[in-house]
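Let's take a walk through the aromatic rings of this protein and see how they meet one another. Have the model open and follow along.

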Amino acid sequence: MTMQFNEETFRGDYTYFNSPAAIRRFPFPFDQDAYMYSVNIEQHPGGPEGSPFEFAFDVDEHYVAEMKDRAITLAGDPMRCQSLPHMELAGWDLLEAIMVAKARDYPDLFSLTIDGDTWHWINRPMGIDDTFTFLDPATLPYPPLEYITRQAQGDFALLHERDGNLWLDAGMVTSQADWSLDFDVGMNFFEWHAPVPKAGKMGVFDKALKFLLAMNQGQSYRRLNWTMTVNPRLDTSPENYHKWGPEKRTVTPENVGQKQFVRVELQTFWRLPRSNALAFPIRCYLANLEDICTYPKWGRRLHRVLRDIDPDLADYKGFAVNQEIIVNYLAQFDDGAPTSPGIFPVDQEG
């Protein structure tokens, strides 16, 4: 295998780290020096070589550690993966999409051989070598949705279209930004997003739903979303708020650069061929302030965004309690110089 995987944890002693290459390819979410909600959707995959946007389902140095963390979360709470009975076919759709894409894009890590209904799947990083019958759940160790998402970074929501809306009827959710699959399963698009401040009144969700309902099979798109978290914890679920919520009070001017993380979601959208369901993968990337400020452009821009952000959004994004400490830390990286357009760091001087 050509890719090296980190030995790291996302809980307990928090040994998670980003290599210089991982920082370079971090999907920094701000393309300008200010932030407000928008329907920032573009085609996916496709992007600079080596970026998280290059392939359909990104695999990086955190892959093996993230899958171990998912297994820990599921062992403690199996309800993090749920699928209503009518969504089993959508689970097979997602399994096919992920297997085909990973075998194509990362042939040194994954391989898939199809002989009629007999499929042979090899996942080398996780030591998995399985032969199964496609569409026969009895031939897999888990239901199809759970089987494949135990091997894929990020959360996954499967949305069923009916009555002119999209309904969250299945998912694997263990690295979410303070929302609960167990609470939201069965909700429609507007109910699921109801806690988000301002966006509903701005018409963002109406536009997004209209766009998603118009998606055809064979089309796929992406957008970036973001929040903030203290410590590199993947599982920031409401069910475990008692574990991660108090950690917000541990940030000080001395440790903020290491403990305060920007949490970016690469959200992608896929219309699935058999079920016509919409797949909504939500891949989480973490970088602390020290990582971000490796690149002057990012340090300047993050300072300006977080300094001037609407107070309601600072609260919703999870950093209002530490905003002053964060902004004061970032101020040392903002020399007042202009920032170039776009999200990419350009180079060490840009």
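Does Phe189 count as buried or exposed? Keep in mind that this is a predicted model. Phe189 comes out at 5% relative accessibility, so it counts as buried, the cut-off being under 20%. Now look at Phe190: at 34% relative accessibility, Phe190 counts as partly exposed, because that value falls between the 20% and 50% limits.

Let's step back to the whole structure, where a search turns up 29 aromatic pairs. A pair of aromatic rings is described by the distance of the centres and the angle of the planes. Take Phe5 and Tyr63, one of those pairs: their ring centres are 6.1 Å apart and their planes make an angle of 50°, so the pair is tilted. This contact ties together distant parts of the chain. Phe5 belongs to the segment before α1 (20-24), while Tyr63 is in helix α2 (residues 63-76), and 58 residues separate the two. Both Phe5 and Tyr63 are buried.

Back to Phe189 and Phe190, which also pair up with each other. Here the centres are 6.0 Å apart and the planes sit at 85°, so the arrangement is edge-to-face, the limit being over 60 degrees.

Rings also gather in a group: Phe26, Phe28, Phe30, Tyr35, Trp226, Tyr295, Trp298 and Phe319 make up one aromatic cluster. Pause at Trp226, a member of that cluster, because Lys317 lies over its face, within the 6 Å cut-off at 4.9 Å from the ring centre. Arg150 does something like this with Tyr142, lying over the face of that ring at 4.2 Å from its centre.

Conventions
Residues numbered from 1 in each chain as written. Predicted model: local features only at pLDDT ≥ 70, side-chain atom pairs only at ≥ 80, totals over all residues. Heavy atoms only, no water. Phe/Tyr/Trp six-rings, centres within 6.5 Å; stacked < 30°, edge-to-face > 60°. Helix = DSSP H or I, 4+ residues; strand = E, 2+ residues; numbered from the N terminus. Buried < 20%, exposed > 50% of the residue type's maximum accessible area, 1.4 Å probe, protein only. Lys NZ or Arg CZ within 6 Å of the ring centre and 35° of its normal.
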